[in-house]
Amino acid sequence: MSNQPFTHLDVLESESIHIMREVAAECKNPALLFSGGKDSIVMLRLAEKAFRPARFPFPLVHIDTEHNFPEVIVCRDKLASDLGERLIVRSLDDSIKKGTIVLKSADQGRNPFQSVTLLETIAEFGFDACIGGARRDEEKARAKERIFSFRDEFGQWDPKNQRPELWDTYNTRVHADENIRVFPISNWTEMDIWEYIAREKLYIPDIYYAHEREVIRRDNGILPVSHLVQPRSGEQVEKLMVRFRTVGDMTCTCPVESHARNAQEIIEETAITRITERGATRMDDQTSEASMELRKKEGYF
Amino acid sequence: MSNTTQLLRFITAGSVDDGKSTLIGRLLHDSKSIFEDQLSAITKTSERRGGMGAVDLSLLTDGLQAEREQGITIDVAYRYFATPKRKFIIGDTPGHEQYTRNMVTAASTANLAIILIDARKGVLTQTRRHTFITSLVGVPHIVLAVNKMDMVDYSKETFDAICAEYRAFAAQLGLHEMTCIPMSALNGDMVVERGENLNWYQGSPLLELLENVVIDHDINTTDFRYPVQWVCRPQTQEYHDFRGYMGRIESGVIAAGDEITILPSGRITKVKEIVTYDGNLQRACAPQSVTLTLTDEIDISRGDMFVKSATMPQVSKEFEAMLCWLSESPLDLNRKYIIKHTTRVVKCVFARLEYRVDVNTLEQHSSTTLNMNDIARVAMKVQQPLVFDSYIKNRFTGSFIVIDEATNNTVAAGMIV
């Protein structure tokens, strides 16, 4: 390998490993946010490459909306257990019981409330750094975020007041009660993720691959039928071959029609797709052009 | 994309008026990197703003609500696109007068800088400033994009005159290698396609150049530099005695069995193994992240640097540097600050402010403080010795950031002279 020019994946991988090791070395009590989605599964492999043969110098943390696809939760638990790493799960239901999250309706989308439970979990364990799998190509607000993204004591992101980030020299310093979010795969794109999944032969939830599923059409999207999403009057249940490009809250994560049954076929589809990942699959990000920016300012990762 | 695709990071420097956002929009659009939902969002916005039917490609690079409201770009944004040959990361920097710091930030990781000029205006003060910063931060490749050629009737004479003036200026900064391209980002001439209007131009369109510029030599391949990031001691039964030094090779090459010197202690030992998750390597080079085991048991911690004995860096508590002040709070010469250099964090003081550079005229002035966006030559003293090279020789071991201990903000970027 060292006799050939490095590919973009080699360079990105090395950058991500370097970032994870900086967190381990400079932060007192970091955590790796792990959802069982494809980006965080890539993060796990990068953490293995960064720290093996030792164990990870941080626990895995999942903020569970309880609106997850069951296949994702199965994958989450299997990967954590196969790796022998510690997994901490905190549920939005706990925050709802405590009264810190107040829902308008039981089947409401839960993504906006993840911030609350995340901040409570950060306080509970005293984490000073949370490593997340967000990418800059996902969304406009992310494109402007630093790799080491400073948050104040309310977990807020201030886009106008970010620390300059130069070379690969990261400023990891925070005061007590402040924390940073770290995004080692900032510079990866959706295509890079799929190429890496194929190259590393990573196990991901099978709902990422084409399968037959009952769906309904609502608000310009197709929604999977589940115990949380039932057809309203006038809506027809259809059976389609679909796959998910992202796996989030079941009430607002839309699959795309597809026949791609493995990572290679998804790479081929991704190369010709004409719609962004979030545009195709996340109803909550289409509410306004600034949806993500607003959520991040409130502490969303 | 094939499995030999390379990564190229570049920045664009120029103001909104030079058509910078339009150029980026054109690169993304014509290389088919814009998605339908993005196009439909900016089409809606163009219509709402009373656009005359044409989609305003510059809207693609607007990020935050605050910017859309004010119609400006307030920070560095990163954009991604790919062609079958390469994957590109664009560091999009605003061209406003006060944002030297953003350009320094984006330029620090770039392989190439596109300096944008409005063909009607020629070489301006801001062109000189952008070029100076590009040379200061040591961006290896420069492209002068003479845009808005449609506004000067695609005149070869105008283009030649601008290039000659620019080359003369750049030579003063020691910059000799550059490519000048005439273009119209608005009409798409010489950006991705050649177009019909600039047939007198013999060179490649911009994208073809970006795909082919040779970047293998941007990394220093001669001086092995390996800052220790993290000491790996699994303490498991299987790896009971394993002690690995984790890090990224910043420059040069290392092979199992090579003799190395550990700095600043000066102890000499040999590399036993190059360990990776994918198996041990015989040989590794920059920019790989690896784990090294050594033949001797030596007390080594984060912040130490492994080098090869034949090509030693400097080890010193005193050095001079070019500094870009990034913070709204001015430099206080009476205070101590913190330096982060490779994996080492030390206290520092500013011993002398040699001079401040006027980025518009390049004149040197004496100064007693530094304000945001100021660039100066300074003499520094640090509490513990640093292991460094000059920035010109090595971008990784010649650079540092300065942190204000009170606020924890990054207040300056330094390049060791």
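Three short exercises on this predicted model follow, each with a worked solution.

**Exercise 1. Trace the barrel in chain B and find the helix that packs on this sheet.**

Step 1. Follow the strand order: E7-E8-E13-E11-E10-E14 of chain B form a closed barrel of 6 strands. The pairing is antiparallel.

Step 2. Check the twist. Neighbouring strands are turned against each other by 45 degrees on average, direction ignored.

Step 3. Look for the helix. Helix H1 of chain A, residues 8–26, packs on the sheet. H1 touches E7 (225–232), E8 (244–248) and E13 (289–294) of chain B. The direction of H1 makes about 55 degrees with that of E7(B).

Step 4. Zoom in on one strand pair. E10 (residues 259–263) and E11 (residues 267–275) of chain B run antiparallel, joined by 4 bridges. Within E11(B), B:Arg267 is the bridge partner of B:Ile262.

**Exercise 2. Classify the packing of helices H4 and H5 of chain B.**

Step 1. Take the geometry. H4(B), residues 100–107, and H5(B), residues 125–136, pack at about 40 degrees, with axes 10 Å apart.

Step 2. Apply the cut-off. Angles under 35 degrees count as roughly parallel, and 65 to 115 as roughly perpendicular. H4(B) and H5(B) are therefore oblique to each other.

Step 3. Add the hand: the crossing is right-handed.

Step 4. List the contact residues. H4(B) supplies B:Thr100, B:Met103, B:Val104 and B:Ala107. H5(B) supplies B:His130, B:Ile133 and B:Thr134.

**Exercise 3. Explore the largest nonpolar core through B:Ala145.**

Step 1. Size the core: it has 182 residues.

Step 2. Pick out the residues with the most contacts inside it. Among them are A:Leu32, B:Phe10, B:Ala107 and B:Ala145.

Step 3. Leave aside neighbours within four places in sequence. B:Ala145 then contacts residues including B:Leu23, B:Ile114, B:Ile181, B:Met183 and B:Leu206.

Notes: Residues are numbered from 1 along each chain as its sequence is written. Chains are lettered from A and ligands numbered from 1 in the order in which they are written. This is a predicted model: local features need pLDDT of at least 70, side-chain atom pairs count only at pLDDT 80 or more; totals for chains, interfaces and linings use all residues. Two strands pair if DSSP finds at least two bridges between them. Helices (H or I, at least four residues) and strands (E, at least two) are DSSP runs, numbered from the N terminus. Axes are lines fitted to C-alpha atoms, for helices over the stretch in contact, and angles run from 0 to 180 degrees between N-to-C directions. Two residues are in contact if their C-beta atoms, placed from the backbone, lie within 7 Å. A nonpolar core is a set of buried Ala, Val, Leu, Ile, Met, Phe, Trp, Tyr and Cys residues joined through C-beta atoms within 7 Å. A residue is buried if 20 or more other C-beta atoms lie within 10 Å of its own, exposed if 12 or fewer, and partly exposed in between; C-beta atoms are placed from the backbone. Angles under 35 degrees count as roughly parallel, over 145 as roughly antiparallel, 65 to 115 as roughly perpendicular and the rest as oblique. A crossing is left-handed if the near helix is turned anticlockwise from the far one by less than a right angle, and right-handed if clockwise.
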